[in-house]
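Welcome! Here is a friendly briefing to read alongside the sequence and the 3D view. Take a look at both, and then follow the points below.

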Amino acid sequence: MENIQELLAGTIDFKGQELADYYSKVILTFGSLISCILGFILQDLKITLISFAIFIVFDLIVVIPPYPFYNKNNLKFLPSVKDFKQTITNIIIEN
């Protein structure tokens, strides 16, 4: 059950967000150029829109799921204030 919750949570780290943003920009730029060129050569607006929709679906498949390579740089957070006070108290008592 926890594995399903982790998959649906969709958490990625900050570097993963930058990477997903970069991939999205590259895919959509490349897709719009290819779609426009293809539509211009074939002189068909329907082909342009369908090919761009295919690139959008491909972009969604690449960017939305939280793949493991988006979570390579997890942050290490500081301990909570309560834990910090307990640690300081233990240090003072031991000395």
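Which residue forms a salt bridge with Asp21? The partner is Lys25, and the closest N and O atoms of the two are 3.3 Å apart. Please keep in mind that this is a predicted model. The chain has 4 helices and 0 strands, and the points below walk through its helices, its core, its surface and a few individual residues.

**The overall picture**

- Starting at the N terminus, you will meet the elements in the order α-α-α-α.
- The chain has 95 residues, and 16% of them count as buried.
- About 8200 Å² of the chain is exposed, with carbon and sulfur atoms supplying 69% of that area.
- If you take the contacts between residues at least 6 apart in sequence, 71% of them join residues at least 24 apart.

**Helix α2 and its buried side**

- Helix α2 is made of 29 residues and spans 42 Å from its first C-alpha to its last, which is close to the 42 Å expected at 1.5 Å a residue.
- Its buried residues are Gly16, Ala20, Ser24, Ile27, Gly31, Ser35 and Gly39.
- These buried residues of α2 pack against α3.
- Ser24 is one of the residues in α2, and it counts as buried because its relative accessibility is 16%, under the 20% cut-off.
- Beyond its neighbours within four places in sequence, Ser24 is in contact with Asp59 and Val63.

**The nonpolar core**

- The largest nonpolar core consists of 5 residues: Ala20, Ile27, Val62, Val63 and Tyr70.
- Helices α2 (14-42) and α3 (45-63) each contribute at least two residues to this core.
- Ala20 is in contact with Val63 and Tyr70, once its neighbours within four places in sequence are set aside.

**The salt bridge**

- The structure holds 1 salt bridge, and it is the pair formed by Lys25 and Asp21.
- Side chains of opposite charge can pair when their charged atoms come close.
- Lys25 and Asp21 are separated by about one helical turn, because they are 4 residues apart in helix α2.
- Are the two partners buried or exposed? Lys25 has a relative accessible area of 51%, so it is exposed, whereas Asp21, with 38%, is partly exposed.

**A nonpolar patch on the surface**

- Leu33, Ile37, Leu38, Phe40, Ile41, Leu42 and Ile47 form a nonpolar patch on the surface, and together they have about 690 Å² of accessible area.
- Which helix gives the most to this patch? That is α2, with 6 residues.
- Ile37 is found in helix α2, and its relative accessible area of 47% makes it partly exposed.
- The C-alpha atoms of Ile37 and Thr48 are separated by 8.2 Å, while the two residues are 11 residues apart along the chain.
- Ile47, another member of the patch, has its place in helix α3.
- Ile47 counts as partly exposed because its relative accessibility is 30%.

**Two loop residues to find**

- Gln43 sits in the loop between α2 and α3.
- What stands out about the phi of Gln43? The angle is near 55°, a positive value in a residue other than glycine.
- Most residues other than glycine have a negative phi.
- Gln43 is also exposed, since its relative accessible area is 62%.
- Phe69 belongs to the loop between α3 and α4 (81-94).
- With a relative accessible area of 36%, Phe69 is partly exposed.
- Phe69 is in contact with Leu19 and Tyr23, leaving aside its neighbours within four places in sequence.
- How many residues apart in sequence are Phe69 and Asp13? They are 56 residues apart in sequence, and their C-alpha atoms are 9.8 Å apart in space.

How values were computed. Residues are numbered from 1 along each chain as its sequence is written. This is a predicted model: local features need pLDDT of at least 70, side-chain atom pairs count only at pLDDT 80 or more; totals for chains, interfaces and linings use all residues. Side-chain values use heavy atoms; hydrogens and water are left out. A nonpolar core is a set of buried Ala, Val, Leu, Ile, Met, Phe, Trp, Tyr and Cys residues joined through side-chain atoms within 4.5 Å. Buried means under 20% relative accessible area, exposed over 50%, partly exposed in between (1.4 Å probe, protein chains only). Contact means heavy atoms within 4.5 Å. Accessible areas come from the Shrake-Rupley method with a 1.4 Å probe; for residues, only the protein chains shown count as cover. Patches are made of residues with over 30% relative accessible area and no salt bridge: like charges are joined within 9 Å, nonpolar side chains (Val, Leu, Ile, Met, Phe, Trp, Tyr) within 5 Å. A salt bridge is a side-chain nitrogen of Lys or Arg within 4 Å of a carboxyl oxygen of Asp or Glu. The expected span of a helix is 1.5 Å times one less than its number of residues.
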